[in-house]
Amino acid sequence: MQAPIAANPALLAIAHTLATTGWCQVTNLVPADQLAALIVESTAAWQQGDLTEARVGRGAHLQRRPEIRGDFVQWLDPHSPSPAQAPYLALLDELRVTLNQALYLGLWEFEGHLAVYPPNTRYQRHNDRHHGSEARTVTAVLYLNEGWEAADGGELRLFLPSGETVEITPQAGTLACFVTADYDHEVLPARRSRMAITGWFRLRE
Ligand code: OGA
Ligand code: MN
């Protein structure tokens, strides 16, 4: 028999909240030194021009539409993560296993990207599931913006099934999680550039 893994209580709490409420935001999950390293490394990647313009649509219809989606992205390579990404991807894998053990979700892998929104850019209301695929099951966004103030804008707005909305501030160290299929959302324009590692726990296709 496989020995049960002693799950991190903070990860179990995320599983519980996703099952009951469908979305959550947590702080202090990523240790301060790891968060600081992610911020330094991600800022350098952006400044070196390693990110590319995100596009909307699929296949032959991919196009740059900054009025819909104005961010720049760099996909993570889970098989050879950068030094700062490695511990965060390890934590996400622990979260994946915890979600599977607690909720039987059958999450198979994580795909994610670093995303930077330059000032005054946005991502209009959308859902993260691709048409024709139900693989993306849980969305997880870790923010990398130190000293974010309310006046900076840039909130993640979730459209709740009840018709209400909730806004999450993209403050460094905040992790937002939600059940992908159930939450349309948008990124509001910010007056500063806004950085996050965004990704999805996926079912096997
Ligand atoms: C996305 C997205 C949310 C955020 O990349 O699909 O909606 O808060 N990101 O950055
Ligand atoms: Mn999204």
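The exercises below, each with a worked solution, concern a predicted model of a protein chain with a bound manganese ion. Local features need pLDDT of at least 70 and side-chain atom pairs count only at pLDDT 80 or more, whereas totals for chains, interfaces and linings use all residues. Residues are numbered from 1 along each chain as its sequence is written, chains are lettered from A and ligands numbered from 1 in the order in which they are written, and side-chain values use heavy atoms, with hydrogens and water left out.

**Exercise 1. Fold and dimensions**

Describe the order of the elements in the protein chain, and compare its radius of gyration with that of a compact globule.

Solution. Begin with the DSSP runs, where helices (H or I) need at least four residues and strands (E) at least two, numbered from the N terminus; the chain has three helices and eleven strands. From the N terminus on, these run α-β-α-β-β-α-β-β-β-β-β-β-β-β. Next, take the radius of gyration over C-alpha atoms, with the globule rule of 2.2 Å times the number of residues to the power 0.38: for 205 residues a compact globule would have a value near 17 Å, and the 16 Å of the protein chain agrees with this. Finally, among contacts (heavy atoms within 4.5 Å) between residues at least 6 apart in sequence, 78% join residues at least 24 apart.

**Exercise 2. The manganese site**

Which residues are the protein donors of the manganese ion (ligand 2), and how are they spaced in sequence?

Solution. Donors are N, O and S atoms within 2.8 Å of the metal (3.2 Å for Na, K and Ca), and since water is not among the atoms, sites may look incomplete. The protein donors are His 126 (NE2), Asp 128 (OD) and His 185 (NE2), which lie 2.1 to 2.2 Å from the ion. Their spacing is H-x1-D-x56-H. His 126 in strand β5 (residues 123-126) and His 185 in strand β10 (residues 184-187) are 59 residues apart, so that the pair links distant parts of the chain. Both His 126 and His 185 are buried, meaning under 20% relative accessible area, with exposed over 50% and partly exposed in between (1.4 Å probe, protein chains only).

**Exercise 3. The surroundings of Arg 122**

Is Arg 122 buried, partly exposed or exposed, and which residues is Arg 122 in contact with beyond its sequence neighbours?

Solution. Arg 122 lies in the loop between β4 (109-117) and β5. Because its relative accessible area is 29%, Arg 122 is partly exposed. Leaving aside neighbours within four places in sequence, its contacts include Pro 66, Glu 67, Tyr 117 and Glu 186. The C-alpha atoms of Arg 122 and Asp 71, 51 residues apart along the chain, are separated by 7.2 Å.
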